[in-house]
Amino acid sequence: MALAAVAPRQDARIQAAWDVLATVLDPEVPALSVCDLGIVREVLARGDGLEIVLTPTYSGCPATEVIERDVLAAIEAAGLGPARATLRRAPAWTTDWISAEGKRKLADYGIAPPGAAARADGAVPIRFFGRRIDAKAPACPRCGSDHTERLSAFGSTACKSLYRCLACKEPFEHFKPI
């Protein structure tokens, strides 16, 4: 078989894998897919199989093994296997990798999404955060009020913090910017 005939089939297989991965939900925030979160970095054709490159949200994330298993099961169920997952920890995942659709889904789910300050050229600058509490608390995802307070540096997972809206009195989580 000519190499020219193989390339379009591989491209279609890779696109089909991306489509399937867009349906794999994050186990900790099931309103988002692993693609919405930017955890899936690449899908590569390797011989007769696929390599799915994943970057966990942080190196100690307890959901990493579940995500890896769910990704491989979805690829297999779609008939796109065999596949293997590779964890790539560098560069480290950042909340800037969450898609615009993912940020919208976070807010709809009741979690205040992290802000991303893009420059005019579209680049997102590297941000360093100290141990101080941010001067500007996130807006309430339920009523939109900026009158909120942090209750705890950690929410249901280490990547989220717990806030309360002083206007509508509802608690909410904020996905920490990393």
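**Exercise 1. The lining of the largest cavity**

Task: Work out how the lining of the largest cavity divides by class into nonpolar, polar and charged residues, and which residues line it.

Solution: By class, the lining holds 8 nonpolar, 2 polar and 2 charged residues, where Ala, Val, Leu, Ile, Met, Phe, Trp, Tyr, Cys and Pro count as nonpolar, Asp, Glu, Lys and Arg as charged, and the others, Gly among them, as polar. The structure is a predicted model, in which local features need pLDDT of at least 70 and side-chain atom pairs count only at pLDDT 80 or more, while totals for chains, interfaces and linings use all residues. Residues are numbered from 1 along each chain as its sequence is written, and side-chain values use heavy atoms, with hydrogens and water left out.

Next, the names: the residues lining this cavity are D26, E28, V29, L37, I39, P56, T57, C61, T64, I67, C159 and F175. A cavity is a set of points, on a 1 Å grid over the protein atoms alone, where a 1.4 Å probe fits but cannot get out, and its lining residues have an atom within 4 Å of a point. The space in the largest cavity is about 80 Å³, a volume being the space filled by probe spheres set on the points, which are joined across faces, edges and corners.

**Exercise 2. The second largest cavity**

Task: Find how many cavities of 30 Å³ or more the structure holds, and which element gives the largest share of the lining of the second largest cavity.

Solution: There are 2 cavities of 30 Å³ or more, and the second largest encloses about 40 Å³. Its lining consists of I39, L54, T55, P56, T64, I67, E68 and L87, which divide into 5 nonpolar, 2 polar and 1 charged. The largest share of this lining, 3 residues, comes from α2; helices (H or I, at least four residues) and strands (E, at least two) are DSSP runs numbered from the N terminus.

**Exercise 3. The nonpolar core and F175**

Task: Identify the residues with the most contacts inside the largest nonpolar core, and state what F175 is in contact with beyond its sequence neighbours.

Solution: The largest nonpolar core comprises 29 residues, and I52 and F175 have the most contacts inside it. Such a core is a set of buried Ala, Val, Leu, Ile, Met, Phe, Trp, Tyr and Cys residues joined through side-chain atoms within 4.5 Å, and buried means under 20% relative accessible area, exposed over 50%, partly exposed in between (1.4 Å probe, protein chains only). At least two residues of this core come from each of α1 (3–21), β1 (40–46), β2 (49–54) and α2 (64–77). Apart from this core lies another, of 6 residues, including A137, C140, Y163 and C165.

Turning to F175, and leaving aside neighbours within four places in sequence, its contacts (heavy atoms within 4.5 Å) are with V29, L37, W93, T95, I98, L106, I111, A112, P113, P114, C159 and K160. F175 is also one of the residues lining the largest cavity.

**Exercise 4. The faces of helix α3**

Task: Explain why the buried residues of α3 line one face of the helix, and determine which strands these residues pack against.

Solution: In α3 (residues 100–109), the buried residues are G102, K103 and L106. Seen down the helix axis, the buried residues of α3 fall within an arc of 100 degrees, so they line one face; the arc is that of the directions from the helix axis to the C-beta atoms. The face turned away from the buried side carries the exposed residues A100 and D108. The buried residues pack against β4 (111–112) and β7 (171–175), and just after the helix G110 takes a positive phi of about 100 degrees.

**Exercise 5. Backbone features in the loops**

Task: Locate P82, P91 and K169, and state what the backbone does at each.

Solution: P82 lies in the loop between α2 and β3 (83–87), and the peptide bond leading to P82 from G81 is cis, with omega near 0 degrees. P91 belongs to the loop between β3 and α3, where the bond from A90 to P91 is likewise cis, with omega near 0 degrees. K169, in the loop between β6 and β7, has a positive phi near 70 degrees although K169 is a residue other than glycine, and K169 is exposed at a relative accessible area of 59%.

Conventions. On a 1 Å grid over the protein atoms alone, a cavity is a set of points where a 1.4 Å probe fits but cannot get out, and a pocket is an open set with protein on both sides within 12 Å along at least five of seven lines; lining residues have an atom within 4 Å of a point.
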